[in-house]
Amino acid sequence: MTGTAIRLSGLSKTYGDTAAVDGLDLEVADGEFFSMLGPSGSGKTTVLRLIAGFERPTAGTIELAGADVTAVPAHRRDVNTVFQDYALFPHLTVGGNVEYGLKVKRVPAATRRARAEEALAQVRLEGFAGRKPGQLSGGQRQRVALARALVNRPTVLLLDEPLGALDLKLRREMQLELKEIQREVGITFVFVTHDQEEALTMSDRIAVFNAGRIEQLATPVGLYEQPANAFVAGFVGTTNLLDGAEFAPASSGITGPVAVRPERLHLGTPAGGTQSADGVIAEVVYLGAATHTVVALDVGPTVTVSQPNSASAHLAARGDRVTVSWRPDDLVPLTHHTRS
């Protein structure tokens with residue numbers, strides 16, 4: 001990644017007394033698969049709409065490929081948007097849907113057809129040009145919408161929860177496929193989602209939004225392994241929040257809250273170099289590949305322990321007394337903030 005595809009500086013958007021986006025600074029690199037992750041109302045979709053030009057900011061600037069487009073209307077920005085509902089024309093063929101934007105731009109018919117066929121090939125829909133959207137599956141319609149956006153060869157492709165209407169199995173398949181397509185075409189993708197697993201699966205970097213600002217910006221590994229604060233730790237995956245003064249080694253100097261992922265906790269006799277706490281099992285949740293055991297500690301909170309299942313695995317039962325252990329290095333201090 002050599003250049004900057006998007007630069008947002010001091011970006012704000014208010015509706016009355018409500019700040020949907022609050023003084024945001026952000027850069028997205030050329031060719032990056034960048035995700036904006038957060039709960040409903042966190043500001044991520046508003047930022048997407050500001051980049052697209054569908055909304056005008058209250059303050060701040062938007063640059064695309066180094067050019068200030070803050071006041072440029074949506075149809076003149078070198079971006080395209082893919083929405084959750086696909087917005088395909090049911091009376092047009094797949095080819096007609098993909099060609100539509102080029103037709104509006106009065107691109108010659110032969111060129112339109114060739115570029116539409118190229119875009120359909122990029123999304124693995126060769127030979128589908130003559131079909132109608134009603135003859136396609138949900139995943140195929142989603143790929144037609146993607147092809148319709150790619151055919152314009154935008155600098156940036158904006159995706160607003162495009163997999164939200166798909167069932168879980170197809171959604172997971174499309175996550176991998178969409179990432180592969182992005183690598184092949186080399187276009188900057190900005191992806192909005194509230195699904196943390198989806199963001200972790202697909203992204204080069206992720207910005208976690210809350211109340212119109214970014215709580216943390218990091219790679220998927222960095223976000224999961226080193227959450228900046230309790231909000232990120234709780235929103236990205238499952239985590240246990242503990243009191244550092246009580247559960248961290250005294251030599252660490254940690255006095256504030258710490259997070260530890262369920263898979264980093266263990267049941268049974270503690271090994272050397274670990275810490276431990278006793279408690280009673282409050283619930284056992286069997287999930288096939290893993291079991292989540294909820295333990296009410298004698299001192300402190302209730303924690304969840306995640307263990308992979310094996311043929312010889314012994315499932316503990318509610319009411320059993322157990323020892324929970326962990327390595328001190330697996331406790332992540334939640335003392336730094338990266339809101340912007």
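**Entry 1: the nonpolar cores**

I looked first for the largest nonpolar core and found that it has 33 residues. I noted Val 98, Leu 146, Leu 157, Leu 159 and Phe 189 as the residues with the most contacts inside this core. The model I am reading is a predicted one.

I then asked which elements give two or more residues to this core. They are helix 2, helix 3, helix 4 (138–150), strand 7 (156–160), helix 5 (168–185) and strand 8 (188–193). Helix 4 gives the most, with six residues.

I took Leu 159 as an example and looked up what it touches, leaving aside residues up to four places away in sequence. Leu 159 touches Leu 48, Val 82, Leu 146, Leu 178, Phe 189, Val 190, Phe 191 and Val 192.

Apart from the largest core I recorded another, of 26 residues. Val 28, Phe 34, Val 79 and Val 190 are among them. I add the general remark that nonpolar side chains tend to be buried together in soluble globular proteins.

**Entry 2: helix 2 and helix 3**

I next looked up how helix 2 (residues 94–104) and helix 3 (residues 109–122) meet. Their axes come within 9 Å and cross at roughly 120 degrees. Helix 2 is therefore oblique to helix 3. I recorded the crossing as right-handed.

Which residues make the contact? Helix 2 contributes Val 94, Gly 95, Val 98, Glu 99, Leu 102 and Lys 103. From helix 3 come Arg 112, Arg 113, Arg 115, Ala 116, Ala 119 and Leu 120. By class, I listed six nonpolar, one polar and five charged residues in this contact.

Definitions and conventions:
Residues numbered from 1 in each chain as written. Predicted model: local features only at pLDDT ≥ 70, side-chain atom pairs only at ≥ 80, totals over all residues. Heavy atoms only, no water. Axes fitted to C-alpha atoms, helices over the stretch in contact; angles between N-to-C directions. Helix = DSSP H or I, 4+ residues; strand = E, 2+ residues; numbered from the N terminus. Parallel < 35°, antiparallel > 145°, perpendicular 65-115°, else oblique. Left-handed = near helix turned anticlockwise from the far one by under 90°. Contact = heavy atoms within 4.5 Å. Nonpolar A, V, L, I, M, F, W, Y, C, P; charged D, E, K, R; others polar. Core = buried A, V, L, I, M, F, W, Y, C linked by side-chain atoms within 4.5 Å. Buried < 20%, exposed > 50% of the residue type's maximum accessible area, 1.4 Å probe, protein only.
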